[in-house]
Amino acid sequence: MKIAVLALQGAFIEHEKKLWQLGAQAKEIRQRRDLNDSFDGLIIPGGESTVMDKLLRELDLFDDVKTRIKEGLPTFGTCAGLILLAKRVENGGEHLSLMDIAACRNAYGRQLGSFSTEEDFAGMGKIPMTFIRAPYILEAYGQAEPLANVDGKIVAARQDNMLVTAFHPELNDDLTVHKYFLDMCR
């Protein structure tokens with residue numbers, strides 16, 4: 001199985017390491033020609049959502065990435081990736097706008113507001129969750145289904161071929177979320 005990782009900015013290497021641990025190949029997407037290869041899923045990592053959006057557009061990747069996701073490509077967005085996939089973003093602009101969620105950017109404040117906790121994920125037990133200048137999901141509506149909550153706020157959701165987390169599962173030893181995503185890609 002080959003998973004593409006958007007490697008424009010952010011924590012893409014950490015996701016690649018998780019994929020390798022699970023026996024999957026990782027392929028970096030840095031420019032338009034990288035989309036010519038076949039792959040089974042896409043990860044949009046954490047980082048700066050406005051920078052990633054700008055680079056997607058400047059590198060002429062935006063429309064192709066959006067079309068592939070709309071056509072069913074399994075896609076996993078963490079933190080900034082959640083913001084890029086959300087149909088509505090409080091305190092932010094419109095991005096890929098594909099998932100029936102409303103997100104609140106930087107909901108936990110600045111870098112000093114970063115924290116770690118353990119909570120249940122998708123009924124699979126408690127997993128470690130690391131939040132760094134993280135968003136959360138204000139509302140999951142339509143086809144979106146919440147998968148995890150922290151202090152009454154939705155921090156993970158799924159809709160059809162799309163999975164999002166407000167936290168960074170790539171920064172912990174636990175492989176639960178990446179396994180969940182690879183199962184979506186099968």
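**Figure 1. Overview of the whole protein, shown as a predicted model.** Of the 186 residues of the protein, 52% count as buried, and the chain is arranged into five helices and 12 strands. A compact globule with 186 residues would have a radius of gyration near 16 Å, and the protein, with 15 Å, agrees with that expectation. Taken along the principal axes, the C-alpha atoms fill a box of roughly 40 × 35 × 35 Å. When contacts between residues at least 6 apart in sequence are considered, 64% of them join residues that are at least 24 apart.

**Figure 2. The surface and the charges of the protein.** The protein exposes about 8,300 Å², of which carbon and sulfur atoms supply 43%. There are 22 positive and 27 negative charges, and the mean positions of these two groups are 3 Å apart.

**Figure 3. Helix α1 and the elements that its buried residues pack against.** Helix α1 covers residues 12-21, and within this helix F12, H15, E16, K18 and L19 are buried. Seen down the axis of α1, the buried residues fall within an arc of 160 degrees, so they line one face of the helix. An α-helix has 3.6 residues a turn, so residues three or four places apart point the same way. The partners of the buried residues of α1 are the strands β1 (2-6), β2 (25-29), β3 (41-44) and β4 (75-78), together with the helix α5 (176-185). After α1 comes G23, a residue whose phi is positive, near 85 degrees.

**Figure 4. Helix α5, a mostly covered helix.** Eight of the 10 residues of α5 are buried, namely T176, V177, H178, Y180, F181, L182, M184 and C185. This helix is also one of the elements against which the buried residues of α1 pack.

**Figure 5. Residues D60 and C79, each with a positive phi although D60 is not a glycine and C79 is not a glycine.** Most residues other than glycine have a negative phi. D60 has a phi of about 60 degrees and is found in the loop between α2 (49-58) and α3 (62-70), whereas C79, with a phi of about 55 degrees, is found in the loop between β4 and α4 (80-85). The relative accessibility of D60 is 44%, so D60 counts as partly exposed, while C79, at 5% relative accessibility, counts as buried because the cut-off for buried is under 20%.

**Figure 6. The surroundings of N106, in the loop between β6 (99-104) and β7 (115-120).** N106 has a relative accessible area of 32% and is therefore partly exposed. Leaving aside neighbours within four places in sequence, N106 is in contact with R133, A134 and P135. From N106 to D60 there are 46 residues in sequence, and the two are 27 Å apart in space, C-alpha to C-alpha.

**Figure 7. The surroundings of S49, a residue of helix α2.** S49 counts as buried, at 2% relative accessibility. Not counting residues up to four places away in sequence, S49 touches A80, I83, L84, H95 and R105. Of these contacts, A80 is a residue of α4, the helix that spans 80-85.

Definitions and conventions. Residues numbered from 1 in each chain as written. Predicted model: local features only at pLDDT ≥ 70, side-chain atom pairs only at ≥ 80, totals over all residues. Heavy atoms only, no water. Helix = DSSP H or I, 4+ residues; strand = E, 2+ residues; numbered from the N terminus. Rg over C-alpha atoms; globule rule 2.2 N^0.38 Å. Buried < 20%, exposed > 50% of the residue type's maximum accessible area, 1.4 Å probe, protein only. Contact = heavy atoms within 4.5 Å. Areas by Shrake-Rupley, 256 points an atom, 1.4 Å probe, with all protein chains shown as cover. Lys, Arg positive; Asp, Glu negative; His and termini not counted. Charge placed at Lys NZ, Arg CZ, Asp CG, Glu CD. Arc of directions from axis to C-beta.
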